[in-house]
Amino acid sequence: MADCIFCKMVNKEINTNIVYEDDDILAFRDIAPKAPVHVLIIPKKHISDMTKITEEDSKIIGKMHLAAVKIAKELGIAETGFRLVNNCLGDSGQEVMHIHYHLVGGRPLGDFVD
Ligand code: 5GP
Ligand code: ZN
């Protein structure tokens, strides 16, 4: 998608702080972190939001979870715990229309849901 900021990151048109990459997935630090660890995990394939996933995409979604655990271990929050959040459409406050998980941790999160 030409005007999608996360696709631009996938295509390396925008520099970002990458923490994990494989054939299907990219993960990078959120520009406005809300916790000591705040990483965004995205599929390289452009999918606008969670309501658009297909049976075919289920492997990618699974890989995003595996990547989350790998990153959590690397960044030292696998033992203390973390939250993996997807915002989907209007009421959730989804701002970037390229599906992503927020991986957050490094402090007690309380009611923090973003
Ligand atoms: P959403 O509200 O769509 O679930 O989350 C979008 C997230 O993307 C926000 O936490 C925001 O800080 C982050 N974000 C927006 N633009 C950029 C950017 O250019 N670079 C990075 N690293 N994160 C971004
Ligand atoms: Zn995109």
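This report looks at ligand 1 and the pocket that holds it in a predicted model.

## Basis of the model

Residues are numbered from 1 along each chain as written, and chains are lettered from A and ligands numbered from 1 in written order. Because this is a predicted model, local features need pLDDT of at least 70 and side-chain atom pairs pLDDT 80 or more, while totals for chains, interfaces and linings use all residues; side-chain values use heavy atoms, without hydrogens and water.

## Around the ligand

Let's start with the shell: 17 residues surround ligand 1, and Asp30, Asn87, Glu95, His100 and His102 come nearest (a residue is near if one of its heavy atoms lies within 4 Å). By class, the shell has eight nonpolar, six polar and three charged residues.

Three polar contacts (pairs of N or O atoms within 3.5 Å) are worth finding on your screen. The side chain of Asn87 places an N or O atom 2.8 Å from an oxygen atom of ligand 1. His100 has a polar side-chain atom 2.8 Å from an oxygen atom of the ligand. At Ile31, a backbone N or O atom lies 3.3 Å from a nitrogen atom of ligand 1. Alone, the ligand exposes 520 Å², and the protein buries 85% of that (Shrake-Rupley areas, 1.4 Å probe).

## The pocket

Ligand 1 occupies the space of the largest pocket, which holds about 450 Å³. A pocket here is an open set of points on a 1 Å grid over the protein atoms alone, where a 1.4 Å probe fits, with protein on both sides within 12 Å along at least five of seven lines; lining residues have an atom within 4 Å of a point. Of the 23 lining residues, Asp30, Ile31, Leu40, Glu95 and Val96 are closest to the pocket's centre.

Helix 1 gives the most to this lining, three residues, and also the largest share of the ligand shell, again three residues (helices are DSSP runs of H or I, at least four residues; strands are E, at least two). The lining comprises nine nonpolar, nine polar and five charged residues.

Key. A polar contact is a pair of N or O atoms within 3.5 Å; within protein, one must be able to donate a hydrogen and the other to accept it, and residues adjacent in sequence count only if both atoms are side-chain atoms. A molecule sits in a cavity or pocket if more than half of its atoms lie within 2 Å of its grid points. Ala, Val, Leu, Ile, Met, Phe, Trp, Tyr, Cys and Pro count as nonpolar, Asp, Glu, Lys and Arg as charged, and the others, Gly among them, as polar. Grid points are joined across faces, edges and corners, and a volume is the space filled by probe spheres set on the points.
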